[in-house]
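Reader: I'm new to reading protein models, and I'd love a close look at one enclosed space inside this one. Could you walk me through it slowly, and then show me what else is found in the structure?

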Amino acid sequence: MASGTDARTREKRRLGGWLPNREDVLAQYRLELAARAKARPDLRTSVVQELAALVGNDAVLRMNLERAIDDARGAGYQLGYATIDELMSLIDYLMTYAPPFSESSLIICPLNALLDWPMCMPSGYAFFRDPALNAQLKRVLNHWCGFLSGPYSRTHLNTQSPDGWFCDEALKKIGMMEFICDPKQPYWGFASWNSFFTRQFKPGARPVDAPHDSKVIVSACEASPYNIRSDVQLHNRFWIKEQPYSLQEILTTGERELAKRFVGGSVYQAYLSAYNYHRWHAPVSGTVSKAYWVDGSYYSDLEAEGVNPSGLNASQGYTTAIAARAVIVIDCDDCALGQVACVFVGMAEVSSCNIVALPGQHVDKGDEIGYFQYGGSTYCLIFEPGVIEQFEPQPPFDDNATPIKVNARLAMAR
């Protein structure tokens, strides 16, 4: 941590286990990555070459990124790079990288680790909001997703300590025996890193609470509670420190009539851990009326949260309005519940939000409706006004909030 960091900044921590809390651990990791990348300096990946060309040929993008790097280094942070070219070399190296397990210093989001401090520098805020940049970052992340979905990504799917995801320490940490796997098969039966990351529970591991009681709403993800808000508005100042939810921005301007249904209603938000199950399940029974993707940002922080090590975690309310996400709207069988909007937000290295349940499909409470592929993530459930009697988890929520199990009771409807 830089020497000038104040006490208030030090109190903010990275959530979910995606990155270690100790800055010295991350700094050492960046230096190690940099050393490996220097052994192969030429950019090999076309999408990274295109990213470098985009930034290099756009004076504003180049200025903002150079200033963000310089400001972060000037503040005392060890980035592992000093120039845009060096950063691009590191990104290129990560295109064939699959994260190892670590009991003490797990780093699941290596690109986020590289960008952690430039993201929250004054010029970094503008840089990471640029639409053309985010469109190219999407192509970079999709390329990486292709590697992580292939057989060469299984480097650490083994029992070897301390890096293997099936060593004794890892098995305990992720509760592997609850998931479908076959220890007798190579790589325990997983075809790729993403296959492991999106692993499925064994039947019965997460029973649906009160499956026939429509008033019981269940958790759509295995996730720790982050925020609950009532009386949400169609438009709000989501970019200020309180990060109030802004329905039209979350659901997009093209869905204004849908957004109006939820004005005055409630929002529940929770975040997933690196060790959590990453599939989404229906919180209610009903028919899917809408299912769509929203393009957005990947590494955009909120200025109001200031320079802090929690990165995107402290900006989770803001990300619901600006980050890449998937929206699934369920028209509930119980008319008193109206519609429920489920918003799954990809943060940082999420390459894709995959929708399984499509419009017109009926889902029972607890049915799978989609999943995240690789990376940090958060989700929201949005309810119409007057629907929720009480949420089971109650604020204030701290950094160590226990994840609500998927399909467990989350709220009671009136």
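**A closed space and its surroundings**

Author: Happy to! The second largest cavity encloses about 70 Å³ of space. Keep in mind that this is a predicted model. The structure holds three cavities of 30 Å³ or more, and we will stay with the second largest for a moment.

Which residues line the second largest cavity? They are Leu 51, Val 55, Leu 65, Leu 87, Met 88, Ile 91, Leu 111, Leu 115, Phe 127, Phe 128, Leu 133 and Leu 137. Sorted by class, that lining has twelve nonpolar residues, with no polar and no charged ones. Now find the helices in your view. Helix 3 (46-57), helix 5 (84-94), helix 6 (110-115) and helix 8 (131-148) are the elements that each give two or more residues to the lining. Helix 5 supplies the largest share, three residues.

An open space makes a good contrast. The second largest pocket has a volume of about 360 Å³. It is lined by 19 residues, and those closest to its centre are Tyr 29, Glu 32, Arg 36, Tyr 97 and Pro 100. Here the lining is mixed: ten residues are nonpolar, six polar and three charged. Helix 2 (residues 23-38) gives the largest share of this pocket's lining, with five residues.

From spaces we can turn to packing. The largest nonpolar core has 75 residues, and Trp 165 and Tyr 299 touch the most other members. At least three residues of this core come from each of domain 1 (13-199) and domain 2 (216-413). A second, separate core has 37 residues, including Val 284, Ile 330, Cys 342 and Val 387.

Next comes the sheet. Seven strands form an open sheet in the order 2-3-11-7-6-5-9, with antiparallel pairing. Strand 2 (224-230) and strand 9 (362-363) are at the edges with a single partner strand each, so one side of each has no neighbour in the sheet. Let's follow a few of the pairs. Strand 3 (residues 266-271) and strand 11 (residues 377-383) run antiparallel and are joined by six bridges; within this pair, Val 267 has Ile 382 of strand 11 as its bridge partner. Strand 5 (residues 286-294) is joined to strand 6 (residues 325-332) by eight bridges, again antiparallel, and Thr 287 stands opposite Asp 331 in strand 6. Strand 5 also pairs with strand 9 in the antiparallel sense, over two bridges, where Gly 286 stands opposite Val 363.

Last, some backbone details. Most residues other than glycine have a negative phi, and most peptide bonds are trans. Against that background, look at the peptide bond from Ser 161 to Pro 162, which is cis with omega near 10°. Pro 162 lies in the loop between helix 8 and helix 9 (168-174). The bond from Pro 395 to Pro 396 is cis as well, with omega near 5°, and Pro 396 is placed in the loop between strand 12 (388-391) and strand 13 (409-413).

That loop between strand 12 and strand 13 also holds Asn 407, which has a positive phi of about 75° although it is not a glycine. Asn 407 is buried, with a relative accessible area of 4%. Tyr 187, in the loop between helix 9 and helix 10 (193-197), has a positive phi too, near 55°. Tyr 187 is partly exposed, its relative accessible area being 34%.

Conventions:
Residues are numbered from 1 along each chain as its sequence is written. This is a predicted model: local features need pLDDT of at least 70, side-chain atom pairs count only at pLDDT 80 or more; totals for chains, interfaces and linings use all residues. Side-chain values use heavy atoms; hydrogens and water are left out. Two strands pair if DSSP finds at least two bridges between them. Helices (H or I, at least four residues) and strands (E, at least two) are DSSP runs, numbered from the N terminus. A nonpolar core is a set of buried Ala, Val, Leu, Ile, Met, Phe, Trp, Tyr and Cys residues joined through side-chain atoms within 4.5 Å. Buried means under 20% relative accessible area, exposed over 50%, partly exposed in between (1.4 Å probe, protein chains only). Domain bounds come from an automatic or database domain assignment. On a 1 Å grid over the protein atoms alone, a cavity is a set of points where a 1.4 Å probe fits but cannot get out, and a pocket is an open set with protein on both sides within 12 Å along at least five of seven lines; lining residues have an atom within 4 Å of a point. Grid points are joined across faces, edges and corners, and a volume is the space filled by probe spheres set on the points. Ala, Val, Leu, Ile, Met, Phe, Trp, Tyr, Cys and Pro count as nonpolar, Asp, Glu, Lys and Arg as charged, and the others, Gly among them, as polar.
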